[in-house]
Amino acid sequence: MNPKVSILIPCYNAEKWIAQAIKSALNQTYPHKEVIVVDDGSTDGSLAVIKSFGDSIHWETGENRGGNIARNRLLELSTGEWLQYLDADDYLLPNKIEQQVNFSLQVPNTDIIYSPSILEYWKTEMVKQEILPISEHHDPWILLALWYLPQTGSPLWKKQAILDVGGWKANQPCCQEHELYLRLLKAGKRFEYFHDSGSVYRQWSESTVCKKDKTLTYQYRLEITDNLATHLKLINELNNDRLYSINKSRFDCARIIWLFNATWAKSIIKKIHESEHDFQLPKDTAPKLYQIIYHYFGFEAAEITAKLNRQFLKLNTWKFNFLLVL
């Protein structure tokens, strides 16, 4: 018997996008589905757009309480065995769910089926699309550490698995799917990779949850990474590949954090070398000169040199453009 899939759409002030999200859910080639929308107290015209779909969807509205509370309400309303979460400003390709459900029949006892997302860049209109690849190393612990597990709309989620870990964390301000991924992994839930991309993640605003406060985003990302490392060490499954991936992720964060909080960045580098004394910089992370300076003089010297190099390149670009004008 084919399992039922609940397509769950939380919406807050997404008047421009919500119709496409709902249409992409209704147009799924997989027939055994329901579409449920929870309007989280929108103050624009979102609710009117939602109502215009009539009886083809189930919907409700209430006061604004936040994305994860809306996702948990959708979880309560759902009647499917599998869940497809879809943010209101994203959309699905027509055969997304059918392909993943068919794959689920080949991998019984799976809880999460995840695939690469398609990132769609917008300004006033769509600029370009690109697939966000997922590393060939399909160890979900490594993928989570490196932040490669995909955005909310990519996976097909087993409803019972989410119920087993208590649903979405209501007060998680950002990195929401990553926090849930961690609890699912700690609970022993099974993740399986499916290669085809079927979800489109639209990037159109700098005020989205994970972009409007980068300090908060990195704080929670590093907290999840530390929690992951602690758990793997506790259960004696922190192997060399996982530890290296954890520290590579920390290093990538430290390089960005250095730009606005040098003290914090240096404390992250210290934690890396305390946990892995012979940590080597990934070759794809920084230029050769950076790696040499880091090796002999340390992180701070390498970052200062990198900053000077960026300023030098910027100055030369300015001079070149000036000469073109002349």
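A salt bridge here is a side-chain nitrogen of Lys or Arg within 4 Å of a carboxyl oxygen of Asp or Glu. The structure holds 15 salt bridges, and some of them appear in the exercises below.

This is a predicted model, in which local features need pLDDT of at least 70 and side-chain atom pairs count only at pLDDT 80 or more, while totals for chains, interfaces and linings use all residues. Residues are numbered from 1 along each chain as its sequence is written, and side-chain values use heavy atoms, with hydrogens and water left out.

**Exercise 1. Find the salt-bridge partner of arginine 73 and place both residues in the fold.**

Step 1. Glutamate 60 is the partner, and the closest N and O atoms are 2.7 Å apart.

Step 2. This pair links distant parts of the chain: arginine 73 is in helix α3 (residues 67–77) and glutamate 60 in strand β3, 13 residues apart. Helices (H or I, at least four residues) and strands (E, at least two) are DSSP runs, numbered from the N terminus.

Step 3. Now for exposure, where buried means under 20% relative accessible area, exposed over 50%, and partly exposed in between (1.4 Å probe, protein chains only). Arginine 73 is partly exposed because its relative accessibility is 28%, and glutamate 60 is partly exposed too, at 25%.

**Exercise 2. Describe the salt bridge between glutamate 120 and arginine 202, and say whether its residues are buried or exposed.**

Step 1. The two side chains meet at 3.4 Å, N to O.

Step 2. Glutamate 120 belongs to strand β7 (residues 117–122) and arginine 202 to strand β11, so the pair ties together parts that are 82 residues apart in sequence. Strand β11 covers residues 199–203.

Step 3. Glutamate 120 is buried, because its relative accessible area is 3%. Arginine 202 is buried as well, with a value of 3%.

Step 4. Look around arginine 202: with residues up to four places away in sequence left out, it touches Trp17, Gln20, Asp89, Asp90, Tyr91, Glu120 and Trp122. Contact means heavy atoms within 4.5 Å.

**Exercise 3. Work out which parts of the chain arginine 242 and aspartate 139 join.**

Step 1. Start with the bridge itself: the closest N and O atoms of arginine 242 and aspartate 139 are 2.8 Å apart.

Step 2. Arginine 242 sits in helix α9, and aspartate 139 in the loop between β8 (126–132) and α5 (140–145), so that distant parts of the chain, 103 residues apart, are linked.

Step 3. Arginine 242 is buried, at 12% relative accessible area, and aspartate 139 is buried, also at 12%.

**Exercise 4. What surrounds lysine 159, a buried residue that has no salt bridge?**

Step 1. Place the residue: lysine 159 lies in helix α6 (residues 159–164).

Step 2. Check for opposite charge, with Lys and Arg counted as positive, Asp and Glu as negative, and His and the chain ends not counted. The nearest side chain of opposite charge to lysine 159 is glutamate 34, 6.9 Å away.

Step 3. Look for polar atoms instead. A polar atom of the lysine 159 side chain lies 2.7 Å from the backbone oxygen of serine 78.

Step 4. List the contacts: beyond four places in sequence, lysine 159 touches Leu75, Ser78, Thr79, Gly80, Glu81, Trp82 and Leu83.

**Exercise 5. Trace how strand β2 is joined to strand β3, and find the place of tryptophan 59.**

Step 1. β2 (residues 33–39) and β3 (residues 58–61) run parallel and are joined by four bridges. Two strands pair if DSSP finds at least two bridges between them.

Step 2. Together with helix α2 (residues 46–51), β2 and β3 make a right-handed β-α-β unit. Right-handed means that, with the strands pointing away from the viewer, the path from the first strand over the helix to the second runs clockwise.

Step 3. Tryptophan 59 is in strand β3, and valine 37 stands opposite tryptophan 59. Outside its neighbours within four places in sequence, tryptophan 59 is in contact with Val37, Leu47, Ile50 and Lys51.

Step 4. Tryptophan 59 is partly exposed, because its relative accessible area is 36%.

**Exercise 6. Find the loops that hold asparagine 109 and asparagine 236, and give the phi of each.**

Step 1. Asparagine 109 is in the loop between α4 (96–104) and β6 (112–114), while asparagine 236 is in the loop between α8 (214–234) and α9 (240–257).

Step 2. Phi is near 70 degrees for asparagine 109, a positive value in a residue other than glycine. For asparagine 236, phi is near 60 degrees, again positive in a non-glycine residue.

Step 3. Asparagine 109 is exposed, at 66% relative accessible area, and asparagine 236 is exposed at 71%.

Definitions and conventions
A polar contact is a pair of N or O atoms within 3.5 Å; within protein, one must be able to donate a hydrogen and the other to accept it, and residues adjacent in sequence count only if both atoms are side-chain atoms.
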